Amino acid sequence: MKRNSWIRKQGWVGYIFILPNMLGILAFFILPALYSFFMMFTDYQFANPNWTFTGLDNIQRLFGDDQFYASIKYTIIFLMSVPVSLAIAFLVALVLNRSVYLKGLLRGMFFLPYISSGVAVAFVWMLLFQPSQGPINEVLRFIGIVSPPGWFADSSSAMYAIDVVQIWFMLGYNMIIYLAALQEISTEQLEAARIDGAGKATITWRIVWPLVSPTTFMLLITGLIMTVKSFSLIQAITGGGPSGSTTILSLFVYKTAFSYYEMGYASTISWFLFAVILVITIIQWVGQKRWVHY
Amino acid sequence: MKYRNWLKAALITTLTASMLSACGGANNEGASAGSANQNAGETINLTLWGAVPAEAGPQEVIDSWNKENPDIQVEYFRYVNDDPGNLKLDTALMTGQDADLFVNYTLNRLQKRVDAGVALDLSSRTDYNIDEQMGVDAAQWKIGDKYYGIPTKKNMLFIWLNKSMLDEAGLPIPPVDWTWDDLREYAKALTKSNVYGLMQHDAAFTAAIDGTIAGLGVTTAEGTSNFNNDLWKKQLQIVHDMMFVDKSTPEYGEQVTSKMPVDTMFLKGEAAMLAAGEFIFRNANNLKDFPHDFKIAFATIPKVSADQKDYKYAGGLGDMLSVNAKSKHQDAAWKFAKWYADGGMLPMASGGRLPSSKSVDNKQAMDLLLKGVEDKYDTESMNSVVFGEFPSFQLNVPQQALDARKEEYEKYFLNEQDIDTTLKNMAKRHQEYIK
């Protein structure tokens, strides 16, 4: 009895401690989310007090909107940057985990982009990718490519050019996490494999890769979610252009909401975006049983 | 036990209250107070939101007001005239934060604020005749036959010319009724290595096609979109040729993606002609940061073809100063607005913002504009173009349709779509917004 009341006492003190945070979450996450769900069925325009219920009109409009399908396509292209970045990060981490010269410096260099400001990064890449005088195209022309791509200046290449920036941007973070995972692997296991006669490639793919699979899983899931939501990089570089070719879903939401003030429609798109993220997460959660080894 | 419950309740209440009070503060007082407060003899504090950097004139304007009117003190708050900036202003207006006066720069934005009920309908104010003070162009800012603000300045878009380069190439200053074909020839003749014949500021890029449709009508007689008219085809084609055949103007993709600072480049002598608005004066008059030794002359944004009737020039009036309909000090704000329009804004003339009110001596504004830089401008073309009178317009097309139009012509300028498809798509997408 005595013990019980102690727990009860501890319990409510605990609730008091988390109360400010819970109120914050309620006020700034849960209520707005419910509010936007409600707005999905209205034609509410930001700042305009007159609105009406439109039922499923917004959803109908969404599925008949060409820009919506285009933005899904661009989002998928953008998401491809995540696995590519992971693959490169894994290889870089493997190399840096061995004894190479200037290891510390190299690690720092790879990590540098991640701690730089997004707008600065955007600016640097805008200069690098400049179609007529940018250093990248200068090099390409030097090695004999007569008409190098226009990168950001071309609607067929702009999304891929942004992928490159995103890969570069994420590389350092992914690499550091991988390095940590690699150092967790016990030397006994590697030793045992070596004594059994496994070669370097076999050790990497049969021992190391499965052992870091929880890390890969974590990075993949957070990377995909982060990428699908991210928009500041694109907003800073192309602003969704040229001719809408880098308008991914999140940018589409932003434009609809804050350029056109169509909050009802924007809510509909953002709930779709939520559904996309949910599906990605569920698929991975189910799929992890097959390839993640703890 | 009871004591504990009481404590619990008290704690929760305090925490909740402290959280909520942070959010609700601004709304407590009703908007109905109106002019009642004004009699009290205490100082009224007003806030003016505008997009011009405070140091480029507005600070001087409100400083002199504050000195003359100790009972009404105005504070200037700068918002950037882009999507995030306008969102900030709209949020402030909607949530009743202090924005007693605000400046609108496009009809689209004003329309939204009128719909939201935050711009004061001025038909109740009989002590100021906007039509009479500001001239016929003011009516373009009417919404539903009513004024929701005072259009305070003359808007202008024109071609800025580097006179030295013109002289060098043996070209006279073009006549006011020149055409895009003439412009193309000029640009071709003026292009050298590292010098573009023509550069176009974002704001001026669509000036000719907007001016065309302002005359032709946004829709045809049948009520369908007029975005596929032949004059647009011709103008877009000329610009396209200038980019890819003559190479006298930067390629579109390159200009956009490298965010070319066209005004700086023009002042540095990297472009012989620049299509842009009067806002360039801010930099052109600033010889310290933008030193240049050539004279600047002016030409109009050309017509598409010589026989084009009813072509209109981008411009008219701008800087629409509105009073917040929810402001507690509407009378004081209105008093300031009238003063601002009728000459109070004069210090901003040095940055190119010429007052439109007839109460302002034009000469005085011009002197301010040219103070210390008289020798940097060609007087004759300045008088005929910058201070000239041209039929003008305010574009009234929904933002979505304008953005869709932009996406389509971008495809054309990126060589991803031919001109006919471009026009067809522009009209098709515009049609979606015609009710």
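Buried area is taken here as the accessible area, probed at 1.4 Å, that two parts lose on being put together, summed over both. In the predicted model, chain A and chain B bury about 3,100 Å² between them by this criterion, with 61% of that area lying on carbon and sulfur atoms. Within chain A, the residues that lose the most area to chain B are Trp12(A), Ser243(A) and Tyr260(A), which together account for 20% of what that side buries. In terms of contacts, 36 residues of chain A meet 34 residues of chain B.

The polar component of the interface comprises eleven residue pairs in polar contact, both residues of each pair being at pLDDT 80 or more. The count of salt bridges between the two chains is one, and this is formed by Lys255(A) and Glu407(B), whose closest N and O atoms lie 3.7 Å apart. On the side of chain A that touches chain B, at least two residues each are supplied by helix H1 (2-39), helix H12 (232-237) and helix H13 (249-259); of the contributions to this side, that of H1(A) is the greatest, at eight residues. Classified by residue type, the same side of chain A contains 20 nonpolar, eleven polar and five charged residues.

Helix H5 of chain A, covering residues 103-115, was examined for its length and its course. At 1.5 Å a residue its 13 residues should span 18 Å, and the end C-alpha atoms are 19 Å apart, which agrees with that expectation. H5(A) nevertheless bends by about 25 degrees at Met109(A), and a proline, Pro113(A), follows within four residues of the bend.

Methods:
Residues are numbered from 1 along each chain as its sequence is written. Chains are lettered from A and ligands numbered from 1 in the order in which they are written. This is a predicted model: local features need pLDDT of at least 70, side-chain atom pairs count only at pLDDT 80 or more; totals for chains, interfaces and linings use all residues. Side-chain values use heavy atoms; hydrogens and water are left out. Contact means heavy atoms within 4.5 Å. A salt bridge is a side-chain nitrogen of Lys or Arg within 4 Å of a carboxyl oxygen of Asp or Glu. A polar contact is a pair of N or O atoms within 3.5 Å; within protein, one must be able to donate a hydrogen and the other to accept it, and residues adjacent in sequence count only if both atoms are side-chain atoms. Ala, Val, Leu, Ile, Met, Phe, Trp, Tyr, Cys and Pro count as nonpolar, Asp, Glu, Lys and Arg as charged, and the others, Gly among them, as polar. The expected span of a helix is 1.5 Å times one less than its number of residues. The bend at a residue is the angle between axes fitted to the seven residues ending there and the seven starting there.
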